[in-house]
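Q: I am new to this structure and would like to go through it step by step. Could we look at it together?

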Amino acid sequence: MQEFLEKTAWLMEKPASYGAFHLIATVILMALVFICAYLLKNTNDKQNRIVLFSVGGFLLLTEVYKILFHIYVNPYNWGFFGTFPFQLCSVPMYLSLFCALCKNKKINAWLYEFMFSVNMFGGLMAFIEPSGINHGYLTLTLHAYIWHALLIFLGLYLYMSKRVCLDIASYKKGIISYYVACIVAQVFNIIFKGKINCFYISPFVQSPLAVFKNIYASCGWLVNMFLLMLGITIASAIIYFVGYIIRKKQKTT
């Protein structure tokens, strides 16, 4: 296993934010996810499960690769705990697999709204502020770019297939699901005190996010957590509102 990982450790010059690699990769990936989401917009229930399971399975396999890569080739922080797979952008890996297997449409509806409003925003932000997805290894960079592009794909696919954003009140399903995920993340942060920083709201580890790391340093973890969750709430609400307005206009034309 280690030999395989070392053979795929292709070094590259870390791409610059808004440099050629970042811009070209972003344009190509955004075009692909939009086209794929559009082509899959008429999936039935069985086909929808196949789409979700395929995306979730790919995310799971590549996440395992990334974790092993950081343990055996490019170790940092606390080994496995340094790559603890429960960040906001990790959640769709679990949700897409769960929804593919879950036949309870009410439960799935809540999780679909979460993936559309919150996780799609996370995917978009990764390309807008790409420092977290640019690495000195080609495989890690490709993993990060494709991973976050798939988050956008999931949101667009669920929207275009009319599984989310059918009425403005359904936004509460997505945002409540996000708050529940935050509680789970904070439980992990407390259990593994100082070793992980799930959702970047840990009481023990400073946030690495731009702006929020300064808030954490000057105002503490509680203010950082509140403002980060507030910001994601507002941003996801905007995405949902815009999606609803577009949906409403499509019905009238």
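A: Certainly. This is a predicted model. A starting point is T26, which is buried because its relative accessible area is 15%, under the 20% limit.

Q: Where does T26 lie?

A: T26 is part of helix α2.

Q: And what is T26 in contact with, leaving aside its neighbours within four places in sequence?

A: The contacts of T26, apart from neighbours within four places in sequence, are F127 and Y145.

Q: How far apart are T26 and F127, in sequence and in space?

A: They are separated by 101 residues in sequence, while their C-alpha atoms are 6.9 Å apart in space.

Q: Moving on to N134: where is that one?

A: N134 sits in the loop that runs between α5 (105–128) and α6 (138–160).

Q: Is N134 buried or exposed?

A: N134 counts as buried, because its relative accessibility is 3%.

Q: Which backbone oxygens lie by its side chain, then?

A: One is the backbone oxygen of P15, 3.3 Å from a polar atom of the N134 side chain. Another belongs to P130, whose backbone oxygen is 3.1 Å from a polar side-chain atom of N134.

Q: What else is N134 in contact with?

A: Setting aside neighbours within four places in sequence, N134 is in contact with K14, P15, A16, S17, T141 and Y145.

Q: New topic, the interior. How many residues does the largest nonpolar core have?

A: That core has 63 residues, and those with the most contacts inside it are F114, F116, F153, Y178 and F199.

Q: Which elements give two or more residues to this core?

A: They are α2 (20–39), α3 (45–72), α4 (91–101), α5, α6, α7 (171–191), α8 (212–219) and α9. The largest share, 14 residues, comes from α6.

Q: You listed F199. What does F199 touch?

A: Not counting residues up to four places away in sequence, F199 touches F86, Q87, L88, V91, Y178, A181, C182, A185 and L228.

Q: What lies apart from the largest core?

A: Another core of six residues lies apart from it, with L5, Y65, F69 and Y137 among them.

Q: Back to α5 for a moment. What about N119?

A: N119 is placed in helix α5. This residue counts as buried because its relative accessibility is 1%. Beyond neighbours within four places in sequence, N119 is in contact with L88, V91, P92, L95, F114 and L151.

Q: Now the backbone: which phi values are positive in residues other than glycine?

A: Y200 is one of them, with phi near 60 degrees. V211 is another, with phi near 75 degrees.

Q: Where are Y200 and V211?

A: Y200 lies in the loop between α7 and α8, and V211 is placed in the loop between α7 and α8 as well.

Q: How does each count, buried or exposed?

A: Y200 is partly exposed, because its relative accessible area is 29%. V211 is exposed, because its relative accessible area is 53%.

Q: Last topic, the surface. Which residues form a nonpolar patch there?

A: The patch is formed by I168, V223, F226, L227, L230, I234, I238, F241, V242 and I246, and together they have about 860 Å² of accessible area.

Q: Take L227 from that patch. Where is its place?

A: L227 belongs to helix α9 (residues 221–252). With a relative accessibility of 30%, L227 counts as partly exposed.

Notes
Residues numbered from 1 in each chain as written. Predicted model: local features only at pLDDT ≥ 70, side-chain atom pairs only at ≥ 80, totals over all residues. Heavy atoms only, no water. Patch = residues over 30% accessible without salt bridge, like charges linked within 9 Å, V, L, I, M, F, W, Y side chains within 5 Å. Areas by Shrake-Rupley, 256 points an atom, 1.4 Å probe, with all protein chains shown as cover. Salt bridge = Lys/Arg side-chain N within 4 Å of Asp/Glu carboxyl O. Helix = DSSP H or I, 4+ residues; strand = E, 2+ residues; numbered from the N terminus. Buried < 20%, exposed > 50% of the residue type's maximum accessible area, 1.4 Å probe, protein only. Polar contact = N/O pair within 3.5 Å; in protein donor to acceptor, adjacent residues only side chain to side chain. Contact = heavy atoms within 4.5 Å. Core = buried A, V, L, I, M, F, W, Y, C linked by side-chain atoms within 4.5 Å.
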